[in-house]
Amino acid sequence: MKKLIYILMCTASLFMSQSCSKEAPFSGEEETMGQVMTSNLLLEFINEDLQSRAGTDVNLADFTVAFRKNSEQIPYVEYKYSEMPEVVSLPAGLYRVEAYYGKEVDADWDAPYYFGSVSDPLTVTAKKIATVEKPIKCKLANVKVSVEFNDELKMLMSAESKVDVTVGANTVLSFSKNESRKGFFKAANTMVANFLGEVNGQEANASKQYNDVKPGTHYHILFVYKAAQIVGDGKIDPNGGIHVDAKVEITDVNDGTNLDAGGDDEYLEDDRNKGGEDDENPDVPTPPATEGPVCTPSKGIKLVDGDADAVKESDWIEVTDGMTCVVTITSATGIQGFTAEIVSDVLNVEDVGLSTPLDMCNPGSNKDALIGLGLLPEDNPSYLNAKTAVFDLTGFMPMLQMLGAADHKFVLKVQDASGSVTQTLPLRLK
């Protein structure tokens with residue numbers, strides 16, 4: 001009988017213990033803890049700029065979700081979004097729930113930083129379960145910059161030319177002519193894009209400043225070649241051909257809208273492959289202010305108006321080792337004819353299988369040889385209808401030097417819808 005009573009007492013004690021544990025799941029340290037259900041914690045990636053491009057490396061699964069007490073800078077706990085547990089235990093208090101991707105650095109290549117947070121603090125109460133009711137909207141939180149050069153400028157600028165983009169005081173990234181990466185900067189009050197280098201053998205620079213630079217914006221800066229201009233007295237500005245200018249398109253990548261760049265910068269869509277000033281109607285050529293195309297020699301050389309007979313003794317240019325010898329031809333309406341005739345006592349181009357004069361618009365059988373000599377671009381071996389032509393004799397100089405002391409005249413004849421010009425480049429080797 002005593003044994004039966006003992007068994008009943010033990011069973012009752014065990015039952016009472018289990019009942020108490022079901023009514024009080026938090027005990028000891030857990031008495032001050034609450035829980036957050038994460039099954040309905042949603043992230044929204046509202047970045048139209050990247051969502052519109054297939055193959056972006058940014059994925060919501062790679063975002064980090066952080067729970068940070070309102071008074072603290074370091075998160076109490078954080079998880080990769082794809083690995084976050086269904087229930088997160090936190091000490092009672094107010095929390096900022098945040099999500100981010102990447103790191104906020106002063107400047108780096110291809111380094112977007114996205115950030116979002118719940119608008120209202122999350123209240124975690126001891127021994128209770130809370131939920132995050134609203135989605136976390138993640139946006140681009142730094143400044144994106146891309147730099148391009150239009151075709152004419154890219155062809156004329158030296159390999160060492162660059163654009164230094166500075167945001168804030170001392171944060172700089174340098175964009176070369178073939179740089180395809182995007183720069184990302186911490187937002188600041190000002191941005192400066194400074195072109196530094198040589199164009200057509202002459203030093204050139206252009207600087208643009210933009211104010212009130214906001215996070216979440218994309219500054220797409222296009223530098224263009226500025227053709228020779230007519231100055232007040234009706235003459236051609238000799239320095240016009242080496243100027244560059246910058247156009248900018250500013251996009252709020254978080255909603256896809258274009259913003260006003262301020263100043264005289266204009267929208268880029270129709271400027272990607274043309275130089276000079278904008279034309280309100282790009283489909284209708286603007287008549288040039290002069291008759292015929294404009295020929296601009298590089299630094300250290302000069303052209304003589306007229307054919308070979310117009311060259312005087314004082315006009316000869318002495319060829320030196322490593323000299324740059326480039327003539328840039330610009331036409332507002334497009335080149336319709338361009339020939340180069342070599343007048344020399346020792347050089348006969350027909351002896352090496354070339355027909356004369358050299359036709360730069362319709363090269364025919366001369367095409368491969370002209371490409372090999374660097375006189376025609378390989379990707380588009382004709383200057384017919386081109387608005388810019390580059391007659392680069394720099395690679396031709398060593399062959400002339402092999403012929404010994406001699407005089408060579410390069411007679412250039414170029415025409416467009418406005419007229420024609422004939423100019424001669426006289427070179428002398430001693």
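A residue is buried under 20% relative accessible area, exposed over 50% and partly exposed in between, with a 1.4 Å probe and protein chains only. Strands are DSSP runs of E of at least two residues, numbered from the N terminus. Two strands pair if DSSP finds at least two bridges between them.

This is a predicted model, in which local features need pLDDT of at least 70, side-chain atom pairs count only at pLDDT 80 or more, and totals for chains, interfaces and linings use all residues. Residues are numbered from 1 along each chain as its sequence is written, and side-chain values use heavy atoms, without hydrogens and water.

**Exercise 1.** Determine how far strand 29 (residues 419-429) is enclosed, and identify its pairing partners.

*Solution.* Step 1: eight of the 11 residues of strand 29 are buried, so this strand is largely enclosed by the rest of the structure. Step 2: strand 28 (residues 406-416) runs antiparallel to strand 29, joined by 11 bridges; Val411 stands opposite Thr424. Two residues lie between these strands, which form a hairpin. Step 3: strand 22 (residues 304-305) pairs with strand 29 in the antiparallel sense over two bridges, with Gln423 as the bridge partner of Asp305. Step 4: strand 23 (residues 317-318) runs parallel to strand 29, with two bridges, and Ile317 stands opposite Leu427.

**Exercise 2.** Describe the sheet with the strand order 5-1-10.

*Solution.* Step 1: its three strands form an open sheet with mixed pairing. Step 2: strand 5 (87-91) and strand 10 (129-131) are the edge strands, each pairing on one side only. Step 3: three bridges join strand 1 (residues 33-37) in parallel to strand 10; Ala130 is the bridge partner of Val36.

Conventions
Helix = DSSP H or I, 4+ residues; strand = E, 2+ residues; numbered from the N terminus.
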